[in-house]
Structures are given as structure tokens and as C-alpha cells.
Amino acid sequence: MARIFDWLFVNQLFHTTARGQTIFYPNGQTGRGFLVPPEREADVRSGVRRLALLALAGTFALVVLVPRLIETWWGFTLPLGWFIAGTAVALVVIVAAIIMQLARLTAGLEPVPTRG
């Protein structure tokens, strides 16, 4: 299961050059890349893995579980507009948290020249 998770979410952000250097693309292959020294590669990969797992779990909790709990506690069905607004707020919060965490993961890494 871990291999499938890594293949879907983690390995897409890493590229190995012909020289064997690992480059981390926190915003995807079209964004800026960062050279990852061998001694930090395991930490960066595990950080990305943890971030992807938390983002998936957080999205599920905020979009599915929290509205159902509110409906259960208050005893009424949330209007669709409230659900959509809550989902939008959750999306903004999760994206901001992901951006902050990716910035922490790339702290101290050397940017590589852009492809072109």
C-alpha cells in the first residue's frame, strides 16, 4: 500500500538526474526545483509523504465528517450553500497549510536552474 501511495503522491515530485542527483519539485515538474543532498533525501521524502497523508485525511475530515457531525449535534440538515462555503474555507486552509509545509521542506535546499 505504501508503494502505491508513494507512486501516486510522493514520487511525482522527485526527479533523478543523469548524475544521480535528486531534485525535488514541490509545485510539480513545471515549477522550480531544489537539489536535495543525499543526507536530506529521506527526510524530504518522508515529509512529503506525511504532508500528502495529512492533506488527504484533513480534506476528508473537513469536507465529510465535520458537516455530518454538525448535522447530528444540531439536529438539522445543512443547506447546500453552507456546505459549499464550508468546503471552500476548508480548501483555503488546507492549501495554505500545504504551502507553508512545502516551504519548510525546501528551507536550506539549493534551487536548480529552470529548464528551458
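What follows is a chat about the core, sheet and last helix of a predicted model.

Student: Okay, this is a predicted model. Which residues make up the largest nonpolar core?

Tutor: That core has 12 residues in all: Val10, Leu13, Phe14, Phe24, Phe34, Val36, Val44, Val48, Leu51, Leu102, Leu105 and Leu109.

Student: And which elements supply at least two residues each?

Tutor: Three do: the strand β3 (34-36) and the helices α2 (38-74) and α3 (80-106). The largest share comes from α2, with three residues.

Student: Is there a general reason to look for a cluster like that, and what is it?

Tutor: Nonpolar side chains tend to be buried together in soluble globular proteins.

Student: Pick Leu109. What is Leu109 in contact with, leaving aside neighbours within four places in sequence?

Tutor: Phe34, Leu35, Val36, Pro37 and Arg40.

Student: Switching to rings. How many aromatic pairs does the structure hold?

Tutor: Just one aromatic pair. The partners are Phe14 and Phe24, with ring centres 4.9 Å apart and planes at 25°. Planes under 30 degrees apart count as stacked, so this pair is stacked.

Student: Where do the two rings sit in the chain?

Tutor: Phe14 belongs to strand β1 (residues 14-16) and Phe24 to strand β2 (residues 22-24), so the pair ties together parts 10 residues apart in sequence.

Student: Phe14 first: buried or exposed?

Tutor: Buried, at a relative accessible area of 9%. Phe24 is buried too, with 0% relative accessibility.

Student: What lies over the face of Phe14?

Tutor: Arg45 does, at 4.2 Å from the ring centre.

Student: Now the sheet. In what order do the strands run?

Tutor: It's an open sheet of four strands, β1-β2-β3-β4, with antiparallel pairing. The edges are β1 and β4 (110-111), and each has a single partner strand, so one side of each is left without a neighbour in the sheet.

Student: β4 looks short on my screen. How many bridges pair β3 and β4?

Tutor: Two bridges, in the antiparallel sense. Opposite Leu35 you'll find Glu110 of β4.

Student: Tell me about Glu110, then. Buried or exposed?

Tutor: Exposed, with 51% relative accessible area. Not counting residues up to four places away in sequence, Glu110 touches Gly33, Phe34 and Leu35.

Student: How far apart are Glu110 and Ile23?

Tutor: In sequence, 87 residues; in space, 9.6 Å from C-alpha to C-alpha.

Student: Last topic, α3. What span does it reach, and what's expected?

Tutor: The 27 residues of α3 reach 39 Å from first C-alpha to last, close to the 39 Å expected at 1.5 Å a residue.

Student: Which α3 residues are buried, and what covers them?

Tutor: The buried ones are Ala90, Ile94, Leu102, Leu105 and Thr106. Their cover includes β2, β3 and α2.

Student: Thr106 is the odd name for me. Why does Thr106 count as buried?

Tutor: Buried means under 20% relative accessible area, and Thr106 has 13%, so Thr106 counts as buried. Leaving aside neighbours within four places in sequence, Thr106 is in contact with Phe24, Pro26 and Phe34.

Student: And what does Gly108 do just after α3?

Tutor: Gly108 takes a positive phi there, about 85°.

Methods:
Residues numbered from 1 in each chain as written. Predicted model: local features only at pLDDT ≥ 70, side-chain atom pairs only at ≥ 80, totals over all residues. Heavy atoms only, no water. Core = buried A, V, L, I, M, F, W, Y, C linked by side-chain atoms within 4.5 Å. Buried < 20%, exposed > 50% of the residue type's maximum accessible area, 1.4 Å probe, protein only. Contact = heavy atoms within 4.5 Å. Phe/Tyr/Trp six-rings, centres within 6.5 Å; stacked < 30°, edge-to-face > 60°. Lys NZ or Arg CZ within 6 Å of the ring centre and 35° of its normal. Expected span 1.5 Å × (residues − 1). Pairing = 2+ DSSP bridges.
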